[in-house]
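Good morning, colleagues. Please look at the structure on the screen, and I shall then take you through its strands and helices.

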Amino acid sequence: MSMEELLSRRPNPAGVVRNLAATPLERLAVVTCMDARIDTFGVLGLRIGDAHVIRNAGGVVTDDVIRSLAISQRKLATRYVILIAHTGCGMLSFTDDEFVAELAHETGQPPTWRPGTFPDPAQHVRHGMQQLRTSPFLRADTEVRGFVFDLTTGAVDEVHTPAATAATPAPRDAPAND
Ligand SMILES: [Zn+2]
């Protein structure tokens, strides 16, 4: 399908208007992969207006994800963060070093960022949760939960870490769980 054909599919503007406040109703921000097969709202039973959704390749907790979460929390009153990875993720199919080498070869320069690939979705979620819990830019009372979404069964399995049940956020010098 061409770009013009894609654009011609836009619905009547009146049909997509929602009269909602900018502050997410459920005080939730979701960080997940950009994978086209994930219906983030459907997976979590959310409605438009309930949550911020921050997506990138892999659902990696990058500086830009922290940027969005800091704004989400401090300017738009969210308190909960759900991190979701998934089975069959494209980020499982190559390595950082491979991709950086490919880009450097084709463009003559390496990227300034890391691709953020990972071999195991649950381990990836644990690492991301640790990053979120130790970020100085997120509120100390942030509740973080992590999950792996199974694309074939629809199951959403929680990823537990020792810090997940702790009453207080992990100290910044806590060892990583991966
Ligand atoms: Zn993915």
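**A hairpin, a sheet and its helices**

Let me begin with the hairpin that β4 and β5 form: 6 residues lie between the two strands, and in the turn Gly154 has a positive phi of about 85°. I should say at once that this is a predicted model. Strand β4 covers residues 143-149 and strand β5 covers residues 156-159; their pairing is antiparallel, over 4 bridges. Within that pairing, Val148 is placed opposite Asp157 of β5.

The hairpin belongs to a wider arrangement. In which order do the strands of the open sheet stand? There are 5 strands, in the order β2-β1-β3-β4-β5, and the pairing is mixed. β2, residues 51-56, and β5 are at the edges with a single partner strand each, so one side of each has no neighbour in the sheet. From one strand to the next, the twist averages 25°.

At the β2 edge the pairing is of the other kind. Strand β1, residues 28-33, runs parallel to β2, and 6 bridges join them. One residue to find on the screen is Thr32, whose bridge partner in β2 is Arg55.

I turn now to the helices on this sheet. Helix α3, residues 63-76, lies across β1, β2 and β3, the last being residues 80-86, and runs at about 170° to β2. Helix α5, residues 121-134, also packs on the sheet; α5 touches β3, β4 and β5, and its direction makes about 165° with that of β4.

Why may we call α5 largely enclosed by the rest of the structure? The reason is that 10 of its 14 residues are buried. Among them are Pro121, His124, Val125, Met129 and Leu132, together with the charged-looking names on the list, Arg126 and Arg133. The buried residues of α5 pack against β3, β4 and β5. As for its length, 14 residues at 1.5 Å a residue should span 20 Å, and the end C-alpha atoms of α5 are indeed 20 Å apart, which agrees.

Helix α4, residues 96-107, makes a useful companion case. Its 12 residues should span 16 Å at 1.5 Å a residue, and its end C-alpha atoms are 16 Å apart, so expectation and model agree. How many of the 12 residues of α4 are buried? The count is 0, and α4 is hardly covered. Just after α4 comes Gly108, with a positive phi of about 85°.

Thank you for your attention.

Definitions and conventions. Residues are numbered from 1 along each chain as its sequence is written. This is a predicted model: local features need pLDDT of at least 70, side-chain atom pairs count only at pLDDT 80 or more; totals for chains, interfaces and linings use all residues. Two strands pair if DSSP finds at least two bridges between them. The expected span of a helix is 1.5 Å times one less than its number of residues. A residue is buried if 20 or more other C-beta atoms lie within 10 Å of its own, exposed if 12 or fewer, and partly exposed in between; C-beta atoms are placed from the backbone. Axes are lines fitted to C-alpha atoms, for helices over the stretch in contact, and angles run from 0 to 180 degrees between N-to-C directions. Two residues are in contact if their C-beta atoms, placed from the backbone, lie within 7 Å.
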